[in-house]
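Visitor: Hey, got a minute to go through a model with me? I'd like to start with one helix and work outwards.
Guide: Sure, let's pull it up.

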Amino acid sequence: MTETQELMTIREMCDAFDVTPRTLRFYEAKELLFPIREGQKRLFTRRDRARLKLILRGKRFGFSLEEIRQLLDLYDMGDQQQTQISKAYELARERLDVMETQRAELDVAIKELKEQMEWAASVIASNEGAKNAAE
């Protein structure tokens, strides 16, 4: 792979990761991505692509940008990513607990809403029946 093939333009990054140029500029401004600047042109390295992949995955799982930054910063510690993996596991466990709690709360809310809708449907039907009987 030549050096030019290892670099991607902002358009290529947008197409490859289904993000907008604004998203990439935002992550660059937050110092999560570090493209090479050639005048107005931004060239993204293989490292930027790996970082973006992790950023997008972290966002999908509900991690904050600060949590994602902390994990990305641990990559360069020189311990075969052991610290990064351990920290990612810890954050993932916490996030999973939150998500499972939210799901349980949603299950209860859905059940209650369905019960209210069934009650409303019976009231509507009863009112329709009374209206038709009166005619």
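Visitor: Which residues are exposed on the other side of helix 3?
Guide: Those are R22 and A29. Keep in mind that this is a predicted model.

Visitor: OK, and which residues of helix 3 are buried?
Guide: L24, Y27 and E28, in a helix that runs over residues 21-29. Looking down the axis of helix 3, the buried residues fall within an arc of 105°, so they line one face.

Visitor: Why would residues three or four places apart point the same way in an α-helix?
Guide: It comes down to the turn: an α-helix has 3.6 residues in each, so that spacing brings you back to the same direction.

Visitor: What do the buried residues of helix 3 pack against?
Guide: Two strands and three helices. The strands are strand 2 (36-38) and strand 3 (41-44), and the helices are helix 2 (10-17), helix 4 (46-60) and helix 5 (65-73).

Visitor: Back to E28. Why does E28 count as buried?
Guide: Its relative accessible area is 17%, and the cut-off for buried is under 20%.

Visitor: And what is E28 in contact with, leaving aside neighbours within four places in sequence?
Guide: L33, P35, R37 and R42.

Visitor: Same question for Y27: which residues is it in contact with, beyond four places in sequence?
Guide: L32, L33, L52, I55, L56, K59 and L65.

Visitor: Which residues have the most contacts inside the largest nonpolar core?
Guide: Y27 again, along with L24, L33 and I55, in a core of 17 residues. Helix 2, helix 3, helix 4 and helix 5 each supply at least two residues of this core, and helix 5 gives the most, with four.

Visitor: What happens just after helix 3?
Guide: E31 takes a positive phi there, of about 60°.

Visitor: Switching topic: how much space lies in the largest pocket?
Guide: About 360 Å³.

Visitor: Which of the lining residues lie nearest the centre of that pocket?
Guide: L54, R57, F63, L71 and A88, out of 15 lining residues.

Visitor: And which helix gives the most to the lining?
Guide: Helix 6, with seven residues. Helix 6 spans 82-134, and helix 4, helix 5 and helix 6 each supply at least two residues of the lining.

Visitor: Last one: how do the lining residues divide into nonpolar, polar and charged?
Guide: Eleven are nonpolar, two are polar and two are charged.

Note on methods
Residues numbered from 1 in each chain as written. Predicted model: local features only at pLDDT ≥ 70, side-chain atom pairs only at ≥ 80, totals over all residues. Heavy atoms only, no water. Buried < 20%, exposed > 50% of the residue type's maximum accessible area, 1.4 Å probe, protein only. Arc of directions from axis to C-beta. Contact = heavy atoms within 4.5 Å. 1 Å grid on protein atoms, 1.4 Å probe; cavity = no way out; pocket = protein on both sides within 12 Å on 5 of 7 lines; lining within 4 Å. Points joined across faces, edges and corners; volume = space filled by probe spheres on them. Nonpolar A, V, L, I, M, F, W, Y, C, P; charged D, E, K, R; others polar. Core = buried A, V, L, I, M, F, W, Y, C linked by side-chain atoms within 4.5 Å.
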